[in-house]
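Ready to practise reading a protein structure? Take a moment with the sequence and the 3D view, then try each exercise before you look at its solution.

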Protein chains: 2
Amino acid sequence: MTGRSQWKRDCIECPLLECEGLRPLDNGQLKFMQGFKQGEFTIDKGTQSLVQGSISPHVYTLLAGVLFRYRILEDGRRQIVNFVFPGDLIGLQGAMDDPLLHGCEALTNATLCVFSRDRIVELFAEQPQLGYDLTWLAAKEESALEEHLVSVGRRTAQERLVCLAIFLIERGIATGLVKKSSLEISITQSQISDTLGLSLVHTNRTLQALRKKGLVNWSLTRISIPDMAVACDFAQYEGNAGGIRPYI
Amino acid sequence: MTGRSQWKRDCIECPLLECEGLRPLDNGQLKFMQGFKQGEFTIDKGTQSLVQGSISPHVYTLLAGVLFRYRILEDGRRQIVNFVFPGDLIGLQGAMDDPLLHGCEALTNATLCVFSRDRIVELFAEQPQLGYDLTWLAAKEESALEEHLVSVGRRTAQERLVCLAIFLIERGIATGLVKKSSLEISITQSQISDTLGLSLVHTNRTLQALRKKGLVNWSLTRISIPDMAVACDFAQYEGNAGGIRPYI
DNA sequence: CGAGCTTTTGACGGTAGTCAACTGCGGTGG
DNA sequence: CCACCGCAGTTGACTACCGTCAAAAGCTCG
């Protein structure tokens, strides 16, 4: 795990408490989490956090920033599997006995909250509601992956791009990252293509086509969708990545 | 929910207790599950169980048989998202407040164990270990979906087919469905193509090519892999769908 | 100003999709 | 009993979406 280690901020000051899209913890839960929390650390944009293949003794909650998770095949082909927004949990799979099958890279500078995987069992025993929330998060993640799978398996290149844009914007809205209906985030076309199972060149051409159609404007630093309803209709997107989520 | 309703078999007689790949429940857990269980029912091969879009008041554990889960777009395009083997949980997402985004169809005659979603909270409160197991299952499912996503996004048609075959056989072994190193199950080529994001015709041709290469033999009723090591190598498959799983 | 990354563009090729017809098999019913 | 139907699989011809290769143009940064 790379990154600069930091002080241990109190959970009462947790930045996620002010996040619109997240259901805040109650006092008892905060107190428990305070003891559960091992610390925080930040990572810089572009750096790896979890590394594929390693067994991590930790679980993390993303406090700020955006990451993405990916898997890489032996010959280098990469598939980006999902994006991680504030409040999302990382490393749960690794915590469940198995070596980590995916890596994680930061799209922006980010800060993570660290928990010990060994003590997850305590969490279930002492805070059933938090255990339930953990399952909720896992189920939601599963649902997002399913939608993603539908895109890659059955949607055309243009539809995939539109779906991804909508998904990211919905998640951005829920986590307060969207301003003036556009999401400021740097995703390279190479990353987009690895997300959608397309080649870089084709991704580029498809993006241009969508700009021309006025469906999605996606530059290196910003995503915006002029008319969300039209876009959803075009891509046959129904998923709901918004809504209130629990966390930690 | 279609299907014939049945008597309520005791959990002590649960067929899953004898399944090699599943970690059996202890007596306390069995007792709890007995009260938690609402009944059983069977569905016939080819029938729908969960229906996309509905809100189900139940969660199910598959006791016998094999199902698959899928999502359908408005215009009819279908993506099969995963296969369900004995011991797997179904409907967790629906239980977590959201309308069900996928449907479920039986590949064989199957029998399901029914639980009430309302009482899931009790489970977390009274049986933390089972709550943990639930999360474990969700995390494992997530992991399987990721691997599937890598296939559809980044593997060639031949690799995808080989991966799927390996995955199904591994799961079949773990649940005792594999005999003489071949899995007897009826999956149509149409279903395969909807799983892998390919067209029906291309799936057919790819299957033939793999038969010719001697990598995978996949007929309407049976899947077998002559040399598992060679197949794994060919498909760059590392995932581990085997291993002991918890259930319920 | 040059190095390196990202985007863009052009040309070409191949994997995979579409359309369509035909075979084989099992079940149903006249 | 056999014609008929429906489903699954197979095959051929054609198309096109998308991948690969290659090169150039913009940008950022040291």
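The exercises below work through this predicted model, one topic at a time.

**Exercise 1. Work out the strand order of the open sheet of three strands in chain A, and find its edge strands.**

Solution.
- Step 1: Follow the sheet across, and you meet the strands of chain A in the order β5-β4-β7, with antiparallel pairing.
- Step 2: Look for strands that pair on one side only; in chain A these are β5 (78–84) and β7 (103–106).
- Step 3: Going from one strand to the next, the twist averages 30°.
- Step 4: Now zoom in on β4 (residues 67–72) of chain A, which is joined to β5(A) by six bridges, the two strands running antiparallel. For A:Phe68, the bridge partner in β5(A) is A:Phe83.
- Step 5: Finally, add the helix: α6 (residues 189–196) of chain A packs on the sheet and touches β4, β5 and β7 of chain A. The direction of this helix makes about 100° with that of β5(A).

**Exercise 2. Which residues have the most contacts inside the largest nonpolar core?**

Solution.
- Step 1: The largest nonpolar core has 56 residues, and A:Met33 and B:Met33 have the most contacts inside it.
- Step 2: Pick B:Met33 and set aside its neighbours within four places in sequence; its contacts are then B:Cys11, B:Leu25, B:Phe115, B:Leu123, B:Leu130 and B:Ile248.
- Step 3: There is also a second, separate core of 37 residues, including A:Val66, A:Ile80, A:Leu164 and A:Ile169.

**Exercise 3. Describe the contact between chain B and chain A, then decide whether B:Arg154 is buried or exposed.**

Solution.
- Step 1: Start with the whole contact, which takes 51 residues from chain B and 51 residues from chain A. The two chains bury about 4800 Å² between them, with 57% of it on carbon and sulfur atoms.
- Step 2: Three residues, B:Tyr132, B:Leu149 and B:Arg154, supply 17% of the area that chain B buries against chain A, more than any other three residues.
- Step 3: Locate B:Arg154 in helix α4 (residues 128–154) of chain B. Its relative accessibility is 15%, and buried means under 20%, so B:Arg154 counts as buried.
- Step 4: Check what B:Arg154 touches: among the residues are A:Arg77, A:Arg78, A:Gln79 and A:Gly197.
- Step 5: Look for polar partners. The side chains of B:Arg154 and A:Asp194 are joined by a polar contact of 2.7 Å, and a polar atom of the B:Arg154 side chain lies 2.9 Å from the backbone oxygen of A:Ser193.

**Exercise 4. Classify A:Cys19 and B:Ile244: is each one buried or exposed?**

Solution.
- Step 1: Find A:Cys19 in the loop between β1 (4–5) and α1 (27–36) of chain A. Its relative accessible area is 11%, which is under 20%, so A:Cys19 is buried.
- Step 2: Beyond its neighbours within four places in sequence, A:Cys19 is in contact with A:Ala174 and A:Thr175. The C-alpha atoms of A:Cys19 and A:Ile244 are separated by 10.0 Å, although the two residues are 225 residues apart along the chain.
- Step 3: Turn to B:Ile244, in the segment after α8 (228–235) of chain B. Its relative accessible area of 52% is over 50%, so B:Ile244 is exposed.
- Step 4: Exposed B:Ile244 still has contacts, including B:Glu20, B:Leu22 and B:Trp136.

How values were computed:
Residues are numbered from 1 along each chain as its sequence is written. Chains are lettered from A and ligands numbered from 1 in the order in which they are written. This is a predicted model: local features need pLDDT of at least 70, side-chain atom pairs count only at pLDDT 80 or more; totals for chains, interfaces and linings use all residues. Side-chain values use heavy atoms; hydrogens and water are left out. Two strands pair if DSSP finds at least two bridges between them. Helices (H or I, at least four residues) and strands (E, at least two) are DSSP runs, numbered from the N terminus. Axes are lines fitted to C-alpha atoms, for helices over the stretch in contact, and angles run from 0 to 180 degrees between N-to-C directions. Contact means heavy atoms within 4.5 Å. A nonpolar core is a set of buried Ala, Val, Leu, Ile, Met, Phe, Trp, Tyr and Cys residues joined through side-chain atoms within 4.5 Å. Buried means under 20% relative accessible area, exposed over 50%, partly exposed in between (1.4 Å probe, protein chains only). A polar contact is a pair of N or O atoms within 3.5 Å; within protein, one must be able to donate a hydrogen and the other to accept it, and residues adjacent in sequence count only if both atoms are side-chain atoms. Buried area is the accessible area (1.4 Å probe) that two parts lose on being put together, summed over both.
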